[in-house]
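Student: Please take one part of this model and look at it closely, the place where the ligand sits. After that I would like to see how the rest connects to it.

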Amino acid sequence: MALLQISEPGLSPAPHEHRLAVGIDLGTTNSLVATVRNGISVVLNDENGRALLPSVVRYLADGSTRVGEAAQTVQSEDPANTIISVKRFMGRGLSDIGGVNGLPYRFVDAPGMVQLRTVAGVKSPVEVSAEILKVLRARAEAALGGSLTGAVITVPAYFDDAQRQATKDAAKLAGLNVLRLLNEPTAAAIAYGLDNAAEGLYAVYDLGGGTFDISILKLSRGVFEVLAANGNSALGGDDFDHRIYCWLLEKNGLSALGASDTRLLLTRARAAKEELTEHAETRVTAILQSGEAIDTVLARQDFHDMSQNLVARTLQPMRRALRDAGLKVEDIKGVVMVGGATRMPQVQRAVAEFFGQAPLTNLDPDKVVALGAAIQANVLAGNRGGDDWLLLDVIPLSLGIETMGGLSEKIIPRNSTIPTARAQDFTTFRDGQTAMSIHVVQGERELVSDCRSLAKFELRGIPPMVAGAARIRITFQVDADGLLNVSARELGSGVEAAITVKPSYGLSDTEITRMLQDSSQYAQDDMQLRTLREHQVEARQLLEAVQNALEQDGTELLDETEQTRIRGSMDELRALLQTDDHHAIKRAITRLNDATTAFAQARMDKSVSRALGGRKLTDLEI
Amino acid sequence: MSAPDFQQDFFQLLGLPQNFRLDNALLEQHYHALQEQVHPDKFSHLSEAERRVSMQWATRVNEAYQTLSNPAMRARYLLSLRGIDIQDENNTAMPAEFLMEQMEWREAIEEARQARDAAGLDKLEARLQHDMYGLETQLAARIDDSRDYVEAAGDVRKLRFMEKLAQEIASALDAIDTD
Ligand SMILES: Nc1ncnc2c1ncn2[C@@H]1O[C@H](COP(=O)(O)OP(=O)(O)OP(=O)(O)O)[C@@H](O)[C@H]1O
Ligand SMILES: [Mg+2]
């Protein structure tokens, strides 16, 4: 047997070695982790051979947690401290969440995002999600025998900025380096497309436990181009369970059940739903706290009738996505089914009817998202496989700013390919005005009050001028994760107004640090060491990247002085790596990055001009 | 934080001649070839400087592709390169006949929306597409052949009006679809 190479914990493997990267599907119901091994994407199982980790977290009075199966089996015993489907609360305020009254949690209405009071203290959905991610991270590190370079975390395509930011924060809190947030249907398309060498227009229909996505993609010669995405981030298998649950209450003349009975019946409802996928009828039995016994038979047809309008609610986003893509159903070559809830026969039938063709079900709907994410993670970590491909994704919901009268003016329309940016100029309203406030919203509706408020920020330090004379250029940049960044500049004076838009619901780096410190796992010393390790890893990767760049293009693109300057910064950083001063290392990293900016631009210019076959563009006929 | 100095116009960037008539397949092919080089996915394991430059370039390439793949935007951009501002922001001097037609379109769309007539809206859309296509053909002749930029600017303004109608049809269809 070949000896396994295991690197020292916290250190990245030596240059050119395989970097450990994973894809994580952080699902409403189930979460899983996958990686690329010997060129093949595989799901990593737990020590009992199970791939799916139930997305359930139980908090105990001593501050410890149980995650997965262990928490799931006791959920009706301790419903208030056992959090299920936490994904539905990510980036959501109390008023955004439907049906909170039926839920057994003690909600705390915090600004931006709701929180939950547990025996172990008040927890934000970000912290709960981080517990799930920590388990998957540990699973991956045990299986791969080293610490991870990074992870791709998947999110529903229809997640807005708040939900994406919350997911990214959760990953950071779990100690993961987020290589990318990837849309779930896109991940599925990668796994499916690469596996089947698919070409043409495809739809991905993803109905999971709590979310619904529809994405239309064009696959051509290794390019995965998302044309349109739509969906509903609060529609999934959970809602079908709820229909059965309501039916059970009615059938048995029950009302006002306690929290643990509610959980019990919801669990039974879910089992019944899954049974009906294979069987024409199913029997639901349960013993309530009062001793009352439930024993009811549910027929498939009755279930289909009661859930008919849930299925219908997935059709509207499909029509919209097609319309946005400028396509007709006939144009779609294949429909890929993703998510456990697509196993329901009535869903398959509705999709088949809509597209006039049987959907593709030759892949495991539970795993395909994680498998695709792992393939992406492998590429992003710099482990190049032979086959190169390109992913072009979109932002699912329009971004706008509030204008007079509470209206939203769209600045970046939905389905714009990311990364994308838009600059907008503003001026002052009064003489001598030195500040102005900007409200950024997301959504398709005209009224600001019907859209999701992303950030309100104030721009200060505008030089006093007469009304209308100032020119403030605000740039809205959406990055490849689909996250918004805003910067502002006063054009006349050239003053770069220092604003960082951290949406009101997002966590600041200090908050993340505090949460990390709070969790009993990390003592103060551990934190220091952890930061040091992170900076060391970053420094080594940076040095390697710059070294490679210099070897490739240094002599061609840089003169002697520039090369010396960069090498000087590299030596400085290398020297600091021998110390344990993480502040100094971080500063040296920043300096080296600054020193190489012009070089990076020159390198990019070079590859751009090579891209179109080395033709000189100026030679073209005009 | 300095941005790269983008000297090339969108046509040069995408390796296409500066014409209104366009080889769509070639545009897409070049767009993909460029993103292949500059997309953030290709740089995520590299230095922060390289990641930043990559995002700026990928953003620029997306903007170029978006502009050139849409006929009205392409025409407007092309005319601006030739020094013509189509003044679509503050132009009231549209022909009266055209404005009348616009009103009729609006009424027809509104009527279909009220009646929740999706098939009617689809028909309106098909007719609009047909009209727009006719205008684009005329625009191609005026820009690329006769180089009659003043007339062309008028066509672009009309085209942008029609695009707004197309958006209205789409949002009417969305509204009908909302349960
Ligand atoms: N055989 C089956 N028949 C019907 N439903 C099923 C079946 N198997 C799984 N499900 C349902 O699928 C849902 C879970 O699917 P999945 O694991 O894909 O969701 P998820 O990824 O956790 O959620 P999301 O993608 O919405 O965040 C649950 O509602 C579950 O009951
Ligand atoms: Mg899922």
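Tutor: Start with Lys273(A), where a polar side-chain atom lies 2.7 Å from an oxygen atom of ligand 1. Keep in mind that this is a predicted model, so every distance here is computed from predicted positions. Arg270(A) also points a polar side-chain atom at the ligand, 3.4 Å from an oxygen atom of ligand 1. Gly210(A) takes part through its backbone instead: a backbone N or O atom lies 3.0 Å from an oxygen atom of ligand 1. On its own, ligand 1 exposes 650 Å², and the protein buries 92% of that area.

Now consider the shell as a whole. There are 20 residues around ligand 1, and those that come nearest are Thr28(A), Thr29(A), Lys87(A), Glu274(A) and Thr277(A). By class, the shell holds 12 polar, 6 charged and 2 nonpolar residues. The element that gives the most to this shell is helix α6 of chain A, residues 259-278, with 4 residues.

Next, move from the ligand to the contact between the two chains. Chain A puts 50 residues into this contact and chain B puts in 49 residues. Together the chains bury about 4300 Å², of which 53% is on carbon and sulfur atoms. Side chains of opposite charge can pair when their charged atoms come close. Between chain A and chain B there are 6 salt bridges. One of them joins Arg180(A) to Asp41(B), with the closest N and O atoms 2.6 Å apart. The two chains also share 14 residue pairs in polar contact, counting pairs with both residues at pLDDT 80 or more.

Several elements of chain A each supply at least two residues to the side that touches chain B, among them β14 (212-220), β15 (223-232), α8 (315-325) and α12 (524-557). The element that gives the most to that side is α15(A), with 9 residues. Sorted by class, the side of chain A that touches chain B has 22 nonpolar, 16 charged and 12 polar residues.

Salt bridges can also be followed inside a chain. Over all chains the count comes to 43 salt bridges. In one of them, the side chains of Glu538(A) and Lys586(A) meet at 3.3 Å, N to O. This pair links distant parts of the chain, since Glu538(A) is in helix α12 and Lys586(A) is in helix α14 (residues 582-595), 48 residues apart.

Two backbone details of chain A remain. Ile418(A) and Pro419(A) are joined by a cis peptide bond, with omega about 0°. Pro419(A) lies in the loop between β21 (407-412) and β22 of chain A, and β22 (420-426) is among the elements that supply at least two residues to the side touching chain B. Asn38(A) has a positive phi, near 45°, although the residue is not glycine. Asn38(A) sits in the loop between β2 (30-37) and β3 (40-43) of chain A.

Key:
Residues are numbered from 1 along each chain as its sequence is written. Chains are lettered from A and ligands numbered from 1 in the order in which they are written. This is a predicted model: local features need pLDDT of at least 70, side-chain atom pairs count only at pLDDT 80 or more; totals for chains, interfaces and linings use all residues. Side-chain values use heavy atoms; hydrogens and water are left out. Contact means heavy atoms within 4.5 Å. Buried area is the accessible area (1.4 Å probe) that two parts lose on being put together, summed over both. A salt bridge is a side-chain nitrogen of Lys or Arg within 4 Å of a carboxyl oxygen of Asp or Glu. A polar contact is a pair of N or O atoms within 3.5 Å; within protein, one must be able to donate a hydrogen and the other to accept it, and residues adjacent in sequence count only if both atoms are side-chain atoms. Ala, Val, Leu, Ile, Met, Phe, Trp, Tyr, Cys and Pro count as nonpolar, Asp, Glu, Lys and Arg as charged, and the others, Gly among them, as polar. A residue is near a molecule or strand if one of its heavy atoms lies within 4 Å of it. Accessible areas come from the Shrake-Rupley method with a 1.4 Å probe; for residues, only the protein chains shown count as cover.
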